[in-house]
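Trainee: I have this one open on my screen, could you walk me through it?

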Amino acid sequence: MATVFGTAEKVAAFFSIVFLLVLWLRLWGRKRINMIRSLLRNFSNIHDYTTSGLRRSGGTLSFKGPWFTGMDFLVISDPMNVNHILSKNFTNYHKGPEFKQIFEPLGNGIFNADSDSWSVQRKIFHSLLIKNKKFELAVEFTLKQKILQGLFPLLENVSQVDIQDVFQRFTFDNICQLVLGFDPNSLSIEFPEVPYQKAFDDIEEAVMYRHAVPGSIWKLQKWLQIGKEKKLKEACKIFDDFLEQCIIRKREQSDQNCKEQTEGEYFDLLTYFFAEGDEFAAAAAKGGIHLKSSKFLRDMATSLLVAGRDTVGASLVWLFWLVGTHPSVEKKILEEIKSTLGEKTDEKWRVFSIEEVRKLVYLHAVICEVLRLYPSIPFQHKVSIEKDILPSGHRVPKNMRILFSFYSMGRMEEIWGKDCLEFKPERWISEGGGIKHVPSYKFIAFNAGPRSCLGKELSFIQIKLIAASIMWNYSLQVVENHPVSPCVSVILYMKKGLKVNVFKRIAA
């Protein structure tokens with residue numbers, strides 16, 4: 001009797017466990033499926049959808065994707081959690097192998113690298129971008145040259161134009177000249193299609209696609225060579241061939257008078273590495289990097305082209321839309337230029353210098369406000385090395401993916417106040433008339449902590465120089481009823497570009 005009772009008890013227990021398991025699967029499985037359905041339904045408006053979810057969840061949201069897809073992650077906009085991950089417990093969070101797979105086209109450049117490789121590259125670029133006066137002179141020369149020989153002649157000959165396309169071409173030509181010593185001349189009145197520039201766009205589109213679908217799907221497409229993955233392979237071939245030609249050309253030139261080519265207007269980063277890279281060679285070797293290898297130069301160039309074209313190009317698009325729809329802001333910018341830098345009417349076109357635009361405080365505030373609302377890089381992700389507990393109390397398991405929504409952080413009342421959705425440059429001006437300091441873990445457009453952007457100051461200089469020069473010489477008026485919304489991409493451009501009417505400014 002006892003045996004029968006024991007068996008019956010075990011059977012009952014077994015069916016109870018099965019029942020609970022089925023119930024759990026139905027409830028939690030349904031929750032996971034509903035989450036992925038909701039994500040896909042709102043994917044075209046993903047940035048605002050994410051922002052809404054983060055507001056409801058207090059700044060930290062747990063997303064559960066279908067089992068076996070690897071799509072479980074924490075989404076974060078809480079500045080204390082951001083500070084903890086990116087600064088205070090920095091060593092516990094890295095890019096991780098999955099990030100490198102998704103951003104495979106960047107190779108082992110500084111954006112993808114972790115540990116020693118990242119540390120060495122950062123030291124090299126810190127010395128090069130921040131301490132090197134030659135580089136700043138080259139930045140000013142190439143910008144002025146492209147404005148006077150490309151941008152202004154184009155604006156002079158159009159009445160209406162997609163200014164996003166113009167800025168993408170402008171910044172692509174400019175960064176190619178600065179990094180590779182080669183100007184593709186994609187910015188011209190003919191709007192030519194440059195194959196490697198188109199390939200560059202296709203690569204970014206495919207990288208975003210890899211974010212949107214389970215890894216198993218895009219990896220299968222890659223293996224079968226179909227869909228976006230086939231397009232990505234073709235784009236990478238075109239772009240890599242272009243870079244290889246530039247590297248070969250510079251390698252051949254380096255046998256001649258390479259040192260002279262790093263002076264003033266002749267400066268470019270490829271030549272610089274061939275001519276003066278030996279000073280970094282010992283440190284680079286510790287990180288497993290050979291500075292003059294084609295692999296390193298290719299990965300370095302790709303990372304800098306992404307940073308130099310897209311972060312500046314996207315910022316300019318949103319700036320001219322926001323300024324164009326806020327006439328009072330444009331008026332203040334012009335008044336500041338006039339009162340600070342004076343009037344010059346004896347030139348056909350006036351282009352400002354780096355030293356001049358450094359004096360423009362209000363324009364700097366405008367750019368800060370643009371980047372608060374529309375950061376060029378709208379999100380970033382990390383992976384936990386060991387388990388952790390965030391300041392909010394959320395537990396982070398080992399190997400957990402963390403997604404930071406920089407776009408959402410600019411729209412949080414807890415950080416910016418009840419007027420957080422307003423375009424208000426004055427919020428950046430201190431009582432003393434300078435720029436207010438906001439911690440990087442709140443104003444996150446340039447990242448925070450040890451991996452904060454080395455090119456922050458350079459980006460501000462370029463945007464200020466280009467924007468001030470355009471506004472002084474031309475009036476760009478946004479076409480009425482032009483649809484404006486952020487595109488779903490790793491770079492925050494506009495979905496349908498930005499159509500503007502172009503007018504020569506008679507008197508600034």
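Mentor: Before we start on the strands, two strands are said to pair here if DSSP finds at least two bridges between them. Keep in mind that this is a predicted model.

Trainee: OK, so which residue in strand 2 is the bridge partner of Ser 62?

Mentor: The partner of Ser 62 is Leu 74 in strand 2, and strand 2, residues 73-76, pairs with strand 1 in the antiparallel sense over four bridges.

Trainee: What order do the strands of that sheet have?

Mentor: The order is 1-2-8-5-3 in an open sheet of five strands, with mixed pairing. The edges are formed by strand 1 (60-63) and strand 3 (93-94), each of which pairs on one side only.

Trainee: And which strands does helix 2 lie across?

Mentor: Helix 2, residues 46-57, lies across strand 1, strand 2, strand 5 (379-384) and strand 8 (401-405), and runs at about 115° to strand 1. Helix 3, residues 79-88, lies across strand 1, strand 2, strand 3, strand 5 and strand 8, at about 125° to strand 8.

Trainee: Switching topic, what does UniProt list for Cys 453?

Mentor: The unreviewed UniProt entry lists Cys 453 under "binding site", and in the model Cys 453 sits in the loop between helix 18 (413-416) and helix 19 (456-473).

Trainee: Why does Cys 453 count as partly exposed?

Mentor: Because its relative accessibility is 38%, and partly exposed covers what lies between under 20% for buried and over 50% for exposed.

Trainee: What is Cys 453 in contact with, leaving aside its neighbours within four places in sequence?

Mentor: With those neighbours left aside, Cys 453 is in contact with Phe 446 and Asn 447.

How values were computed: Residues are numbered from 1 along each chain as its sequence is written. This is a predicted model: local features need pLDDT of at least 70, side-chain atom pairs count only at pLDDT 80 or more; totals for chains, interfaces and linings use all residues. Side-chain values use heavy atoms; hydrogens and water are left out. UniProt positions are given in the numbering used here, feature names are shortened, and annotations may be inferred rather than shown by experiment. Helices (H or I, at least four residues) and strands (E, at least two) are DSSP runs, numbered from the N terminus. Buried means under 20% relative accessible area, exposed over 50%, partly exposed in between (1.4 Å probe, protein chains only). Contact means heavy atoms within 4.5 Å. Axes are lines fitted to C-alpha atoms, for helices over the stretch in contact, and angles run from 0 to 180 degrees between N-to-C directions.
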